Amino acid sequence: MSHSVIIVGAGIGGLAAAMRLAHAGCDVTVLERHAGPGGKMRVMDSVAGPVDAGPTVMTMRPVFERLFDDCGTSLDSHVTTDPLDILARHHWSDGSTLDLFADAQRSQEAISAFAGPRAARQFERFNARARALYRAFEAPMMQAPAPTFMAMGRVVATKPWLLPALAPGRSLAGALRAQFSDPRLQQLFGRYATYVGGHPDQSPALLSLIWHAESRGVWAVRGGMHQLAQAMQRVAKAAGAKFRFNTDVERLEVQGDRIAAAHIHGDRLACDALLFNGDPRALQLDALGHGVSKAVPKTAVAKRSLSAFVWSFAAETRGKAPEHHNVYFADTPNSEFKEIAQGRFPSDPTLYVCAQDRGGASPPEGPERFEIIINGPPRSGTIPDPEEMAQCRETTFARLTRMGLHIPNPPEVTALTTPEGFNKLFPMTDGSIYGLSPHGMTSALQRPKARTGLMGLYLCGGGVHPGAGIPMAATSGQHAAEAILQDHASTRPSARTAMPGGMSTASPRMVNAPSR
């Protein structure tokens, strides 16, 4: 019996689910309001070709290898990925620089040369703690479809030596101050909180495990990250999934206790299951029709993560040649977050710079493509402030010049996406790129899960467990696909069978709903 599934949104989570569901034989239709796949993995035009305006590299590559393998193909058959020897080059205003590597021993040696043997020993201990946290919580937290506080408690109970690494009650910044004597290293490893949209002083120390995820390897996708989204669409389409782009979903139809259909341009598309690959906050606010808000608790979406100011452009450069990944740190560590908390563009920001065409055997000739990301506050408006955009332009390129990377002809503000711009591109998000704020020890457990309180409605994406970042979004899509397949199997009627008395029966539902 064919199972009809509508997926609203062609972000990485929706694409991963479309691949798995179509490969399993479901009738899959993907509805996307933008012109192509990828969601926040988007591109902008430049004189050097399409330039990334979202995620810049692939981490946790095995997540995608398994996904493509499970669909009867391979990742390498569809995209070319290049491992980066240097994970990132870090710059400070005093002129000091530090490269970190995918090889922990090389990173330790670099830190020793940068800050001395004591700092190298501190890094060795920090690296071991991050590795232990990652290994302990990968299965019960990141890979589990619905982790619980009790499951996390069992991990700690069986591995009490994890407690010092968890540093309960301490923020990531606080834990780093206790582990590193050099403030530059505190600032460096604290930035991993921003990977999931948090402030280092308010995010839990557990987030240090992100360092281990990155240290296992970083890959650039040749041609840009959007190539990955297009490859995922091709695999899903080859398995039978249908894609409808430039298609707005006006509302979701609820009948009784279950989802029934999606409405687009006056048309009604009935479905057996609907997977929402967007920010769950839109559902909680009933932006897609009455009756869907009960699917998402308010606590799962109320506190918003950071937004960003993102430059995407091509230009020629002078001065110090950049690596693929570069971080130009603020003069005063973490000062930017105070202004961001007040809703303002930071006057002393840290700049993340991706030189998209760097990292290969030879440097690019002529204009090269750049993406620059600056942390910013979430905002509900859609019209950016021209004065703030001009301030952002001046601050960004003056800091780069001062720190050795000179761009003689910086781009105009048309190459800048602001928090208001993100809110317009992805409505009802407040421009928040990562969904729920990661602040607080149990914030990760508050994210919505694949199954919702409304029968037939499922969730995936960066705003859903296990969280932000393309490997996590892809994992959420696979969790959702598995939930849909399991629930469909458990509610599927048995074949009619001759019974005493001439009756036939159907199998009971094995989910939280009345049996047939």
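Here are four short exercises, with worked solutions, on a predicted model.

**Exercise 1. The five-stranded sheet**

Task: Find the order of the five strands in the open parallel sheet, and work out which strands stand at the edges.

Solution:
- Start with the order, which reads S10-S2-S1-S14-S22, with parallel pairing.
- Now look at the two ends: S10 (242-244) and S22 (457-459) each have a single partner strand, so one side of each is left without a neighbour in the sheet.
- Going from one strand to the next, the twist averages 20 degrees.
- Next, zoom in on one pair: S1 (residues 4-8) and S14 (residues 273-276) are joined in the parallel sense by four bridges. Within this region, Val5 lies opposite Ala273 of S14.
- Finally, add the helix H1 (residues 12-23), which packs on the sheet and touches S1, S2 (27-31), S10 and S14. The direction of H1 makes about 165 degrees with that of S1.

**Exercise 2. The three-stranded sheet**

Task: Work out how the strands of the open sheet S5-S9-S6 pair, and find the bridge partner of Met58.

Solution:
- The pairing in this sheet is antiparallel.
- S5 (58-59) and S6 (81-83) are the edge strands, each pairing on one side only.
- Take S5 with S9 (residues 218-221): two bridges link them in the antiparallel sense.
- Follow Met58 across to S9 and you arrive at Trp219, its bridge partner.

**Exercise 3. Two positive phi angles**

Task: Locate Ala167 and Met428, then decide whether Ala167 is buried or exposed and do the same for Met428.

Solution:
- Begin with the background: most residues other than glycine have a negative phi.
- Ala167 has a positive phi near 45 degrees, and its place is the loop between H6 (163-166) and H7 (172-179).
- The relative accessible area of Ala167 is 11%. Buried means under 20%, so Ala167 counts as buried.
- Met428 also goes against the background pattern, with a positive phi of about 70 degrees. This residue belongs to the loop between H14 (419-425) and H15 (443-446).
- For Met428 the relative accessible area is 33%. Exposed means over 50%, with partly exposed lying between the two cut-offs, so Met428 is partly exposed.

**Exercise 4. A cis peptide bond**

Task: Say what kind of peptide bond joins His465 and Pro466, and where Pro466 is found.

Solution:
- Recall that most peptide bonds are trans.
- The bond between His465 and Pro466 has an omega of about 10 degrees and is cis.
- To place Pro466, look in the loop between S22 and H16 (470-491).

How values were computed. Residues numbered from 1 in each chain as written. Predicted model: local features only at pLDDT ≥ 70, side-chain atom pairs only at ≥ 80, totals over all residues. Heavy atoms only, no water. Pairing = 2+ DSSP bridges. Axes fitted to C-alpha atoms, helices over the stretch in contact; angles between N-to-C directions. Contact = heavy atoms within 4.5 Å. Buried < 20%, exposed > 50% of the residue type's maximum accessible area, 1.4 Å probe, protein only.
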